[in-house]
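Trainee: I've got a model open and I'd like to learn how to read its features one at a time. Can we walk through it together?

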Amino acid sequence: MTDEVIAATYNNYYEFTNRKSTVWKKTDKFRTRPWEVEISGLVENPMTLDVDDLIKQMPIEERIYRLRCVEAWAMVVPWIGFPMKALLEKVQPKAEAQYVRMLTFLDADMAPEQQNVRMPWPYFEGLTLAEAMNDLTLLAVGIYGHILPPQHGAPIRLIVPWKYGFKSIKSVVSIELTDQKPRTFWNTLAPREYGFEANVNPNVPHPRWSQASERMIGTGKRHPTMIYNGYGSSVAHLY
């Protein structure tokens, strides 16, 4: 498992800075309470919940997952959260729902990089409904035995361990079910480099580097990349 200090000081969070080593400093004043999450769209029971009220209603557990970045580095992290499936079952998707669109916050005062008009803020991501309902898909609210800190996407973030890390949207404020495939942030900016599916695959290189191996943060050791980041037995049937 990756050392907690190392995991806390090597983060991607472009709303604050593009320097991984300083994200934890840039987010130290990020206010994550109060915080509401809206679940809407093609559901029978749309709702908006305070994040702490939501947590009280969900089956919280710890899961140790591999985290694989599209930049070819990796960590092993103990997340605390609940299956996204549990939340979606609570709102009851309608029969025509096929996709889940997620949105993060917009506050350029707290997140100064959101002032960059060349980027389509706020950050947005999407999954198929089948991916969102998969048992591995987690909404994380904690890490290393305590509440999620800002640099890791507090107060609630997505974890999809068989996909590249940019799919695991941070600081979620909206979850919308739709019958149309949603646009996604990096695919909008660079469609040749960042696809909608974004499954970890050693046989499909990024246009600018190989994905055949990965570098473990903390040790620097390189390992062969595993298809679906090692979770193929749980997710290969989706594709």
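Mentor: Sure, let's start with a charged pair: K167 and E125 meet through their side chains in a salt bridge, 2.7 Å from N to O. K167 sits in the loop between strand 9 and strand 10 (172–178) and E125 in strand 6 (residues 124–128), so the pair ties together parts that are 42 residues apart in sequence. Before we go on: this is a predicted model, where local features need pLDDT of at least 70, side-chain atom pairs count only at pLDDT 80 or more, and totals for chains, interfaces and linings use all residues. Residues are numbered from 1 along each chain as its sequence is written, and side-chain values use heavy atoms, with hydrogens and water left out.

Trainee: What counts as a salt bridge, and how many are there by this rule?

Mentor: The rule asks for a side-chain nitrogen of Lys or Arg within 4 Å of a carboxyl oxygen of Asp or Glu. That gives 10 salt bridges here. As for the helix and strand numbers, they are DSSP runs counted from the N terminus: H or I with at least four residues for helices, E with at least two for strands.

Trainee: Are K167 and E125 buried or exposed?

Mentor: Buried means under 20% relative accessible area, exposed means over 50%, and partly exposed is in between, using a 1.4 Å probe and protein chains only. K167 is buried, at 1%, and E125 is buried, also with a value of 1%.

Trainee: Which residues does R66 join in a network of salt bridges?

Mentor: The network links R66, R68 and E214. Within it, R66 and E214 have their closest N and O atoms 2.4 Å apart. That pair links distant parts of the chain, with R66 in strand 3 and E214 in strand 11 (residues 213–216), 148 residues apart. R66 counts as buried because its relative accessible area is 18%, and E214 is buried at 1%.

Trainee: And where would I look for a salt bridge with an exposed partner?

Mentor: Try K85 and D135, whose side chains meet at 3.6 Å, N to O. K85 is in helix 4 and D135 in the loop between helix 5 (129–132) and strand 7 (138–143), 50 residues apart. D135 is exposed at 51%, while K85 is partly exposed at 28%.

Trainee: Which residues of helix 4 are buried?

Mentor: A general idea helps with any helix: an α-helix has 3.6 residues a turn, so residues three or four places apart point the same way. In helix 4 (residues 84–91), the buried ones are M84, A86, L87, L88 and V91. Just after helix 4, Q92 takes a positive phi of about 60°.

Trainee: How do I read the nonpolar core?

Mentor: In soluble globular proteins, nonpolar side chains tend to be buried together. A nonpolar core is a set of buried Ala, Val, Leu, Ile, Met, Phe, Trp, Tyr and Cys residues joined through side-chain atoms within 4.5 Å. The largest one here has 72 residues, and W79, M84, I156, I175 and L177 have the most contacts inside it. Take L177: leaving aside neighbours within four places in sequence, its contacts (heavy atoms within 4.5 Å) include L42, V43, L88 and L129.

Trainee: What about unusual backbone geometry?

Mentor: Check omega and phi. A cis peptide bond joins R33 and P34, with omega about -5°, and P34 lies in the loop between helix 2 (23–26) and strand 1 (36–41). Another cis peptide bond joins A154 and P155, with omega about 0°; P155 is in the loop between strand 8 and strand 9. For phi, A72 is not a glycine, yet has a positive value of about 75°. A72 lies in the loop between strand 3 (61–68) and strand 4 (73–83) and is buried at 9%.

Trainee: Where does Q151 lie, and what does its side chain reach?

Mentor: Q151 is in the loop between strand 8 (146–147) and strand 9 (157–159), and counts as buried at 9% relative accessibility. The side chain of Q151 reaches the backbone oxygen of A8 at 3.0 Å. Setting aside neighbours within four places in sequence, Q151 also contacts other residues, including N11, Y13, W24 and K170.

Definitions and conventions: Polar contact = N/O pair within 3.5 Å; in protein donor to acceptor, adjacent residues only side chain to side chain.
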